[in-house]
Amino acid sequence: MPVDHAQLDRDHLWHPFTQQQTWREEEMLVIERAKGSYLIANDGNRYLDGVSSLWCNVHGHRHPGIDRALSDQLDKVAHSTMLGLSHPGAAELAARLVDLAPPGLSRVFYSDSGSTATEVALKMAFQYQRQRGGQHVRRTSFVHLRDAYHGDTIGSVSVGGIDLFHTTFRPLLFETHAAEPGDVEHLSRILSTHEEEVAAVIVEPLVQGAAGMIVHPPGYLRAVRELCDRFGVLLICDEVATGFGRTGTMFACEQEDVAPDLLCLAKGLTGGYMPLAATMATERIYEGFLGAPEEQRTFFHGHTYTGNPLACAAALASLDAFESDQSIARLQPKIELLAQLLETVEGMPQVTEVRSRGFMVGIDLGEHDPALRMGHRVTLEARRRGAIIRPLGDVVVLMPPLSISESDLRRLVEITMESIAAATARAPSQDEDLGRMPQAA
Ligand SMILES: *Cc1c(COP(=O)(O)O)cnc(C)c1O
């Protein structure tokens, strides 16, 4: 008897960001293998990986170079610790990242997810200000953007602004100031009012992903950097989603010639192979933590799997692939093609707005009754047609691997359009009695 994994799942698993009551009643896809831009499920079908396995796959699945690097590393050691020891991969990767990152970011602190990368950046900024002494010890608060998303740990949730995710935890969160995205004047007012108590401003550069692909106006990031300098506040750029080619350049910051004081990396860092994150810091911040052990300037933070050797090997191989596959150069015509294809999507009567930057796309279906789960319906239709996508509410997200072929990119957009048409045609009208509808059709 083959093992029924879907049944084991229903019996024992608890999924992230998922209402388990509806999950249990839905048909389940179990992914067993993958190759290139395709996921292969237990139903024997191949599905286009339209959101890069949650925004992290870069060069496709089963990339020969990354596969080989991982098995070579397995011949050496799977895990040792960064607490009190070093290893070649961690050191080499740090040097490569310093080389690639915007100028001035000279230090790499590893952790294992985007949430921990931002958590680390917040704690570093806070402790740095405290250790500067004098007036700066009063710099204890943070400024973030409305609808920001920086992860799910309590610190990163504190600087997040997505009510659906964060309201429940409000009593646990620290105080922050929320700035209107894209509004330079508003940020300037906040900083001049609270100048002496702000430790850092944290932003997702160019595009706020989880907010539904909110694209900032040109020049905004540059202006944020200038305001931070004017008010003596640190700038944290969270490139967990935008990093590693997503917006068309290696890092989004490059597009506005901005170098942050702290840079958060995760998702695409290992090409989408292993959980690894990095918080990069300037030498000035790093030096603020130096002193004799008894001075208590140490950064007391670190996770057990921090800088895991397998993960570092995958990340190094992914950076090699960027060079050997010329990923960024070969991405440019695909970004143009995608922009063309999206013009047709924007013309659909069911679509209110398409927001995109490089290979990050949000197709906004406008206002629907949340009970209809319109975005989710589109996902189910796409699945029938051979593509895996995952929406943010009623915003359909497309984030294919950078390595996707032009024909697969066309296919992904076609499937998405058909699925939007089918889902909106099939959904009941807003006035119908929702109570009679089968759950999560
Ligand atoms: C996904 C994401 C995070 C959180 O990363 P995890 O690895 O899921 O913890 C943080 N910031 C941004 C901008 C993200 O998109």
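User: Which domains does the domain assignment of the protein give?

Analyst: In this predicted model, the assignment gives domain 1, made of 5-59 + 326-433, and domain 2, which covers 66-324. The C-alpha centres of domain 1 and domain 2 lie 28 Å apart, and the contact takes 29 residues from domain 1 and 31 residues from domain 2, where contact means heavy atoms within 4.5 Å.

User: Which residues are around the ligand, and what makes a residue count as near a molecule?

Analyst: A residue counts as near if one of its heavy atoms lies within 4 Å of the molecule. The residues around the ligand are W55, S113, G114, S115, Y149, H150, G151, E204, D238, V240, A241 and K267, and this shell divides into 4 nonpolar, 5 polar and 3 charged residues.

User: What makes the approach of D238 to the ligand a polar contact?

Analyst: A polar side-chain atom of D238 lies 2.7 Å from a nitrogen atom of the ligand, and because the cut-off for a pair of N or O atoms is 3.5 Å, this pair qualifies. By that cut-off K267 also qualifies, with an N or O atom of its side chain 2.7 Å from an oxygen atom of the ligand, as does G114, which has a backbone N or O atom 2.8 Å from an oxygen atom of the ligand. Taken alone the ligand exposes 380 Å², of which the protein buries 83%.

User: How do you know that C264 is not bonded to C237?

Analyst: A disulfide requires two cysteine sulfur atoms within 2.5 Å, whereas the sulfur of C264 is 8.6 Å from that of C237, its closest cysteine sulfur, and is therefore too far for a bond. The structure holds 0 disulfides; C253 is likewise in none, the nearest cysteine sulfur, that of C237, being 3.7 Å away.

User: Why is C253 called buried?

Analyst: Buried means under 20% relative accessible area, and C253 is at 0% relative accessibility, so C253 counts as buried. C264 counts as buried because its relative accessibility is also 0%.

How values were computed: Residues numbered from 1 in each chain as written. Predicted model: local features only at pLDDT ≥ 70, side-chain atom pairs only at ≥ 80, totals over all residues. Heavy atoms only, no water. Polar contact = N/O pair within 3.5 Å; in protein donor to acceptor, adjacent residues only side chain to side chain. Areas by Shrake-Rupley, 256 points an atom, 1.4 Å probe, with all protein chains shown as cover. Nonpolar A, V, L, I, M, F, W, Y, C, P; charged D, E, K, R; others polar. Buried < 20%, exposed > 50% of the residue type's maximum accessible area, 1.4 Å probe, protein only. Domains from an automatic or database assignment.
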